Structure formats: structure tokens, C-alpha cells
Amino acid sequence: MGTVNRLIVIVLFEGVDLLDVTGPPEVFSLVPRETTELVGYEVVLAAETPDPVTTAAGVRILPDATFDEVGARAIDTLLVPGSVEVDGERRIHPVIEPGTVARVKALATRSRRVASVCVGAHILAAAGLLDGKRATTHWSTAQRLAADHPAVRVDPDPIFIREEGEVWTSAGISACLDLSLALVAEDFGEPVALRVARQLVMYLKRPGGQSQFSVPLEQVSTTRRVEDLRHHILNNIDRRLTVPDLAAYAHVSDRQLTRIFKTELGTTPHAYIESARVELAGNLLETTDDTLERVASRCGFGTVDTLIRAFRRRLATTPSEYRARFRVTPVRPIRPIRPVRPVRRTT
């Protein structure tokens with residue numbers, strides 16, 4: 001009896017991001033060697049024609065089949081990568097080619113599940129596959145996705161999201177590996193995904209709710225006043241920070257402060273402060289042995305219960321689970337070998 005393979009079709013088009021295409025097959029290719037069962041994946045790169053496709057990195061890829069050829073088969077997973085263009089003002093725009101959208105929409109009807117990598121979510125949305133669903137994408141194009149497709153509930157924070165109807169979306173670049181590990185875990189179980197992750201020297205499937213970016217690295221605001229507020233929050237994160245306190249610091253009214261945060265950062269003061277505190281808490285959980293009480297105090301949560309609720313709300317996990325997954329164990333320095341002193345013999 002031969003190996004039972006699940007057919008994964010990866011969509012190719014001109015200018016596609018190289019890692020979006022090559023990252024997932026690296027994960028899928030390790031499954032057969034990490035299980036005793038005769039199971040695995042058949043990965044097929046499909047394009048409009050059999051001609052080589054030039055990626056955004058300039059590397060040319062030769063398709064395995066055309067869209068028409070794979071359209072005649074039963075597809076287990078349709079994987080849609082993405083690509084962006086940068087205009088003269090360095091603004092980022094997702095590539096959404098109508099022909100590719102039409103092909104994805106047609107192939108999706110023959111697929112058990114559909115998944116997008118990075119800005120490939122824009123292609124799924126254009127094909128109507130994300131309507132009424134929660135989805136994520138690279139943080140730099142999340143606002144564009146929400147504006148172009150109001151029927152999609154865009155969440156720019158998680159590294160991947162799974163929705164009913166077997167539709168998956170993931171964040172940018174390296175998140176394609178996390179998405180692929182999650183698919184392996186669903187298909188063949190967590191132990192197999194764990195062994196694959198170890199081979200790749202990766203964590204086992206970072207929680208989908210884990211943030212894809214750091215709060216201090218969010219989109220920079222356009223006013224000095226908001227930047228000063230952001231720095232004030234980060235420098236006083238362990239203290240009580242209320243809207244009236246921040247408004248007084250910025251010399252504005254409470255209502256005006258809320259409006260400034262919504263306009264400049266797309267969130268509320270309370271949500272921003274909580275995100276910053278969770279960010280710091282995650283760092284402490286990863287790099288220190290501080291108790292949860294100490295972490296809560298250092299981050300301004302006050303109590304462990306408040307810390308736990310914030311983690312569940314922001315990362316869909318608990319502080320203890322987060323530490324168990326992401327704890328960075330410091331490497332012990334190698335002690336230098338001391339030279340052996342010659343033993344003096346007495347006569």
C-alpha cells in the first residue's frame with residue numbers, strides 16, 4: 001500500500017513573495033519522516049501557464065501544473081500567497097490581479113480548506129471567501145483590507161486565524177511557518193507537528209492569538225504630541241494611567257484625547273495601555289523568573305487576575321501557558337578548563 005497524500009495546491013502568479021511559496025512546503029515535506037504512518041502531502045505549485053514565474057525576490061519558479069490541470073483534481077488545501085507593490089511615496093499596496101482572483105474563487109470550490117499567507121488574504125477577500133468571517137493579514141495592509149472589504153472582520157493582531165468553513169488566514173512572512181505547523185497539527189496531530197517543529201528549530205505552533213508585532217513598533221503617529229504620549233505610557237507603565245491623567249499630561253480634554261488616539265493609532269487609550277502592558281508582561285515571562293505577582297506589579301496590572309484576563313483577551317492564552325511556550329532559557333556559559341598544575345613530588 002502506497003503513501004496516502006493530501007493534495008496541497010499553492011497558487012503562483014507574477015511577483016509573488018518567495019517565502020510565502022517556499023516556506024510551507026519545507027514544513028509539509030518533513031511530515032513523512034516524523035511519523036510511522038504512510039501519510040504525507042503532495043505539494044503542487046500551480047500557475048496560469050507552465051512558464052516560469054518570477055517572484056518578488058527575482059527568483060524564478062517553475063510551476064508543477066496549470067490551474068486547469070489541478071482544477072480537475074480534489075484539492076485538500078488551497079494555499080494562496082501574496083505580494084505587495086510600493087509606490088513612489090513608499091506606500092504599500094497588495095497585488096490583486098483579477099485573473100488570479102477568479103482562479104482562486106473557482107479552485108476554492110474544489111478544496112476542503114483554503115488558507116492565505118500574508119497579504120494573500122486580500123485575494124481571498126476579493127474572491128468573496130472572507131465575507132462574514134474574521135481574518136488577519138500583514139499589519140501593514142490590515143487597514144486597507146478592512147476599508148476595501150467591510151464584510152470582513154479584520155483583526156490585524158493575531159499571527160493566524162481559523163474560521164468556520166475551513167478558511168485560514170495568516171500574518172506576514174515567517175507566520176507562514178506557524179500556519180503550516182497548525183495545518184499539520186490539525187491533519188496528523190500535535191505530536192507530529194511538534195516533531196516537525198523541532199526539526200525546523202521552531203516553537204510548536206505559536207498560539208494563533210499571539211500578536212504579530214510589538215506595541216512600540218506599531219505605525220508611527222503623525223504628531224509629536226501622540227509620540228510623547230506613547231513614550232509617557234511606556235515610561236510609566238507600572239503606574240496608574242487613566243484617561244484624565246493622560247489628558248492632563250497632553251493638555252487636552254478627555255474627549256479630545258480619546259479622539260486623538262482613535263484617529264492617530266486606531267484604538268482607544270485604554271486598549272493601547274493594555275496592549276503595552278501585555279507586551280511588557282510577555283517579555284518578562286519569556287526572559288525572567290519573576291512570579292506572576294511580580295509581573296503584574298511591574299506591568300501596572302495590579303493583580304494577577306487582571307493580568308490573566310488581559311492575556312486571555314489579547315492573546316487567547318494565560319500567562320503560565322505563555323511562559324511554558326516561550327520561556328527563553330539562558331545558556332550557561334562554558335567554564336574555561338583550568339590548566340592542571342603539576343604535582344610537586346617531594347623526595
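Start at the hairpin of E12 and E13: three residues sit between the strands, and Gly-165 there takes a positive phi near 85°. Helices (H or I, at least four residues) and strands (E, at least two) are DSSP runs, numbered from the N terminus. Before moving on, note that this is a predicted model, where local features need pLDDT of at least 70, side-chain atom pairs count only at pLDDT 80 or more, and totals for chains, interfaces and linings use all residues. Residues are numbered from 1 along each chain as its sequence is written, and side-chain values use heavy atoms, with hydrogens and water left out.

**The sheet around E13**

Keep E12 and E13 selected. They pair in the antiparallel sense over four bridges, and strands count as paired if DSSP finds at least two bridges between them. Click Arg-162 and you'll find its bridge partner in E13, Trp-168.

Now add strand E9 (residues 111-116), which pairs with strand E13 (residues 167-170) in the parallel sense over three bridges. Ala-115 stands opposite Trp-168, and Ser-116 has Thr-169 as its bridge partner.

Are the side faces of E13 covered or not covered? Both are covered: Val-167 and Thr-169 on one side, and Trp-168 and Ser-170 on the other, are all buried, meaning under 20% relative accessible area (exposed is over 50%, partly exposed in between; 1.4 Å probe, protein chains only).

Zoom out to the open sheet of seven strands, in the order E5-E2-E1-E6-E9-E13-E12 with mixed pairing. Its edges are strand E5 (65-66) and strand E12 (160-163), each pairing on one side only.

**Helices across the sheet**

Show H6 next: it lies across E1, strand E2 (39-47), E6, E9, E12 and E13, at about 155° to E9. Then show helix H3 (residues 98-108), which lies across strand E1 (4-11), strand E6 (75-80) and E9, at about 155° to E6. Axes are lines fitted to C-alpha atoms, for helices over the stretch in contact, and angles run from 0 to 180 degrees between N-to-C directions; contact means heavy atoms within 4.5 Å.

**The cores**

A nonpolar core is a set of buried Ala, Val, Leu, Ile, Met, Phe, Trp, Tyr and Cys residues joined through side-chain atoms within 4.5 Å. Which residues touch the most other members of the largest one? Of its 66 residues, select Leu-78, Val-104, Leu-130, Leu-179 and Val-184. Helix H6 (residues 175-188) gives the most to this core, nine residues. Center on Val-184: setting aside residues up to four places away in sequence, it touches Val-27, Phe-28, Val-31, Tyr-41, Gly-189, Val-192 and Ala-193. A second, separate core has 16 residues, including Val-226, Ile-233, Leu-241 and Ala-247.

**Two helix crossings**

Val-226 takes you to H8: the axes of helix H8 (residues 224-235) and helix H10 (residues 254-265) come within 11 Å and cross at roughly 100°. They are therefore roughly perpendicular, the label for 65 to 115 degrees (under 35 is roughly parallel, over 145 roughly antiparallel, the rest oblique). On the H8 side, pick Arg-225, Val-226, Leu-229, Arg-230 and Ile-233; they meet Gln-256, Leu-257, Ile-260, Phe-261, Glu-264 and Leu-265 in H10.

Last stop: the axes of helix H11 (residues 269-287) and helix H13 (residues 304-315) come within 10 Å and cross at roughly 100°. Among the contact residues are Val-278 of H11 and Phe-311 of H13.
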